[in-house]
Amino acid sequence: MTMRRLPLLIATGLIALGATAAHAGGSTAPFQQYEPDPALKTASKTNLEGRVRHACTVVQARLTSAPEASLERPCGCYARQTLRSLDASEIEAYRTTGYFNDSARAKALSALDSCKLQRPV
(Lines give C-alpha, C1' and ligand atoms only; values in the text may rest on other atoms or scores of the structure.)
Protein backbone atom coordinates (compact mmCIF):
# COMPACT_ATOMS: atom_id res chain seq x y z
CA MET A 1 0.00 0.00 0.00
CA THR A 2 1.38 3.39 -0.83
CA MET A 3 1.82 6.14 1.75
CA ARG A 4 -0.74 8.10 -0.24
CA ARG A 5 -3.48 5.57 0.56
CA LEU A 6 -2.59 5.10 4.23
CA PRO A 7 -4.37 8.24 5.56
CA LEU A 8 -7.44 7.36 3.49
CA LEU A 9 -7.44 3.83 4.84
CA ILE A 10 -7.12 5.09 8.40
CA ALA A 11 -9.95 7.58 7.93
CA THR A 12 -12.14 5.05 6.19
CA GLY A 13 -11.58 2.55 8.96
CA LEU A 14 -12.93 5.08 11.41
CA ILE A 15 -16.33 4.90 9.73
CA ALA A 16 -16.84 1.50 11.28
CA LEU A 17 -16.18 3.14 14.62
CA GLY A 18 -18.65 5.96 14.01
CA ALA A 19 -16.43 8.38 12.16
CA THR A 20 -16.05 8.94 8.44
CA ALA A 21 -13.56 9.23 5.67
CA ALA A 22 -12.36 12.77 5.70
CA HIS A 23 -9.28 12.52 3.68
CA ALA A 24 -8.90 11.23 0.22
CA GLY A 25 -5.90 10.42 -1.79
CA GLY A 26 -5.82 7.47 -4.11
CA SER A 27 -7.74 4.75 -5.79
CA THR A 28 -10.86 3.30 -4.22
CA ALA A 29 -9.74 -0.21 -5.18
CA PRO A 30 -8.61 -1.22 -1.65
CA PHE A 31 -12.17 -0.72 -0.38
CA GLN A 32 -13.97 -3.35 -2.42
CA GLN A 33 -14.44 -5.46 0.73
CA TYR A 34 -15.21 -2.46 2.94
CA GLU A 35 -18.67 -2.30 4.54
CA PRO A 36 -19.72 1.32 5.18
CA ASP A 37 -21.61 2.26 8.31
CA PRO A 38 -25.31 1.71 7.49
CA ALA A 39 -26.13 4.85 9.49
CA LEU A 40 -24.61 6.92 6.66
CA LYS A 41 -27.68 6.22 4.52
CA THR A 42 -29.99 8.17 6.85
CA ALA A 43 -27.57 10.48 8.65
CA SER A 44 -28.41 14.17 8.59
CA LYS A 45 -26.03 16.54 6.85
CA THR A 46 -25.07 17.86 10.30
CA ASN A 47 -24.19 14.33 11.40
CA LEU A 48 -22.15 13.77 8.24
CA GLU A 49 -20.28 16.99 8.93
CA GLY A 50 -19.54 15.84 12.47
CA ARG A 51 -18.23 12.51 11.21
CA VAL A 52 -15.97 14.23 8.67
CA ARG A 53 -14.72 16.68 11.32
CA HIS A 54 -13.93 13.85 13.76
CA ALA A 55 -12.06 11.79 11.18
CA CYS A 56 -10.14 14.90 10.16
CA THR A 57 -8.99 15.57 13.72
CA VAL A 58 -7.85 11.97 14.15
CA VAL A 59 -5.96 11.83 10.86
CA GLN A 60 -4.46 15.31 11.15
CA ALA A 61 -3.31 14.56 14.72
CA ARG A 62 -1.47 11.51 13.39
CA LEU A 63 0.00 13.42 10.45
CA THR A 64 1.17 16.41 12.48
CA SER A 65 1.60 14.96 16.00
CA ALA A 66 -0.64 17.78 17.23
CA PRO A 67 -3.26 17.24 19.94
CA GLU A 68 -6.73 16.54 18.53
CA ALA A 69 -8.23 19.42 20.51
CA SER A 70 -6.02 21.90 18.66
CA LEU A 71 -7.42 20.69 15.33
CA GLU A 72 -11.13 21.14 16.04
CA ARG A 73 -11.37 24.58 14.43
CA PRO A 74 -9.43 23.84 11.22
CA CYS A 75 -11.13 20.45 10.87
CA GLY A 76 -14.51 22.11 11.39
CA CYS A 77 -13.57 24.46 8.55
CA TYR A 78 -12.60 21.47 6.42
CA ALA A 79 -15.80 19.53 7.15
CA ARG A 80 -18.07 22.53 6.44
CA GLN A 81 -16.30 23.49 3.22
CA THR A 82 -16.12 19.94 1.93
CA LEU A 83 -19.76 19.04 2.55
CA ARG A 84 -21.05 22.38 1.26
CA SER A 85 -19.09 21.92 -1.96
CA LEU A 86 -20.43 18.42 -2.71
CA ASP A 87 -23.36 18.06 -5.09
CA ALA A 88 -26.24 15.65 -4.44
CA SER A 89 -24.67 12.82 -6.43
CA GLU A 90 -21.37 13.12 -4.54
CA ILE A 91 -23.17 13.06 -1.19
CA GLU A 92 -25.19 10.04 -2.31
CA ALA A 93 -22.00 8.26 -3.42
CA TYR A 94 -20.44 9.05 -0.03
CA ARG A 95 -23.51 7.70 1.79
CA THR A 96 -23.36 4.51 -0.30
CA THR A 97 -19.62 3.81 -0.18
CA GLY A 98 -18.45 5.54 3.00
CA TYR A 99 -15.70 7.46 1.23
CA PHE A 100 -15.38 10.32 -1.24
CA ASN A 101 -15.50 9.54 -4.95
CA ASP A 102 -12.99 11.12 -7.33
CA SER A 103 -14.86 14.40 -7.88
CA ALA A 104 -15.60 14.78 -4.16
CA ARG A 105 -11.98 13.89 -3.35
CA ALA A 106 -10.77 16.85 -5.43
CA LYS A 107 -13.10 19.16 -3.51
CA ALA A 108 -11.93 17.69 -0.19
CA LEU A 109 -8.29 18.29 -1.08
CA SER A 110 -9.13 21.88 -2.01
CA ALA A 111 -10.83 22.32 1.38
CA LEU A 112 -7.73 20.94 3.13
CA ASP A 113 -5.64 23.61 1.43
CA SER A 114 -8.15 26.37 2.15
CA CYS A 115 -8.33 25.44 5.84
CA LYS A 116 -4.54 25.19 6.06
CA LEU A 117 -4.45 21.50 6.90
CA GLN A 118 -1.83 19.03 5.80
CA ARG A 119 -2.63 16.94 2.74
CA PRO A 120 -2.12 13.20 3.03
CA VAL A 121 1.12 12.25 1.29
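The following exchange walks through the fold, salt bridges and surface of a predicted model.

Biologist: What pattern does the chain follow along the sequence?
Modeller: The secondary structure comes to five helices and zero strands. Read from the start, the pattern is α-α-α-α-α.

Biologist: What share of the residues counts as buried?
Modeller: The chain has 121 residues. Buried means under 20% relative accessible area. By that cut-off the share is 46%.

Biologist: How far does helix 2 reach from its first C-alpha to its last?
Modeller: Helix 2 covers 45-64. That is 20 residues, and at 1.5 Å a residue the expected span is 28 Å. The model comes close to this, reaching 28 Å.

Biologist: Is Arg-51 buried or exposed?
Modeller: Arg-51 sits in helix 2, where the buried residues also include Leu-48, Val-52 and Ala-55. The cut-off for buried is under 20%. Arg-51 has 9% relative accessibility, so Arg-51 is buried.

Biologist: Which residue meets the side chain of Arg-51 in a salt bridge?
Modeller: The structure holds five salt bridges. In one of them, the N to O distance is 3.0 Å, and the partner of Arg-51 is Asp-37.

Biologist: How many residues apart in sequence are the parts that Asp-37 and Arg-51 tie together?
Modeller: Asp-37 is itself buried, at 18% relative accessibility. Asp-37 lies in the loop between helix 1 and helix 2, while Arg-51 lies in helix 2, so the pair ties together parts whose separation is 14 residues.

Biologist: Where do Glu-49 and Arg-53 lie?
Modeller: These two form a salt bridge, with the closest N and O atoms 3.9 Å apart. Glu-49 is buried at 18%, whereas Arg-53 is partly exposed at 31%. They are four residues apart, about one turn, and both lie in helix 2.

Biologist: Which residue forms a salt bridge with Lys-107?
Modeller: The N to O distance of this bridge is 2.8 Å, and the two residues are Lys-107 and Glu-90. The pair links distant parts of the chain, 17 residues apart: Lys-107 is in helix 5 and its partner in helix 4. Lys-107 is partly exposed, at 28%. The partner, buried at 3%, is Glu-90.

Biologist: Which helix gives the largest share of the positive patch?
Modeller: The patch is formed by Lys-45, Arg-73, Arg-80 and Arg-84. Three residues come from one helix, spanning residues 72-85. That is helix 3.

Biologist: What separates the C-alpha atoms of Gly-50 and Arg-80?
Modeller: Gly-50 is found in helix 2, and Arg-80 lies in helix 3. Both are partly exposed: Gly-50 at 22% and Arg-80 at 32%. They are 30 residues apart along the chain, yet their C-alpha atoms are separated by 9.1 Å.

Biologist: Which residue just after helix 2 takes a positive phi?
Modeller: Most residues other than glycine have a negative phi. Here a phi near 60° occurs in a residue other than glycine. Its place is the loop between helix 2 and helix 3. With a relative accessible area of 69%, this exposed residue is Ser-65.

Biologist: What is the phi of Lys-116?
Modeller: Lys-116 is in the segment after helix 5. Lys-116 is exposed, at 75% relative accessible area. Although Lys-116 is not a glycine, its phi is positive, about 60°.

Conventions: Residues are numbered from 1 along each chain as its sequence is written. This is a predicted model: local features need pLDDT of at least 70, side-chain atom pairs count only at pLDDT 80 or more; totals for chains, interfaces and linings use all residues. Side-chain values use heavy atoms; hydrogens and water are left out. Patches are made of residues with over 30% relative accessible area and no salt bridge: like charges are joined within 9 Å, nonpolar side chains (Val, Leu, Ile, Met, Phe, Trp, Tyr) within 5 Å. Accessible areas come from the Shrake-Rupley method with a 1.4 Å probe; for residues, only the protein chains shown count as cover. A salt bridge is a side-chain nitrogen of Lys or Arg within 4 Å of a carboxyl oxygen of Asp or Glu. Lys and Arg count as positive and Asp and Glu as negative; His and the chain ends are not counted. The place of a charge is taken as NZ of Lys, CZ of Arg, CG of Asp or CD of Glu. Helices (H or I, at least four residues) and strands (E, at least two) are DSSP runs, numbered from the N terminus. Buried means under 20% relative accessible area, exposed over 50%, partly exposed in between (1.4 Å probe, protein chains only). The expected span of a helix is 1.5 Å times one less than its number of residues.
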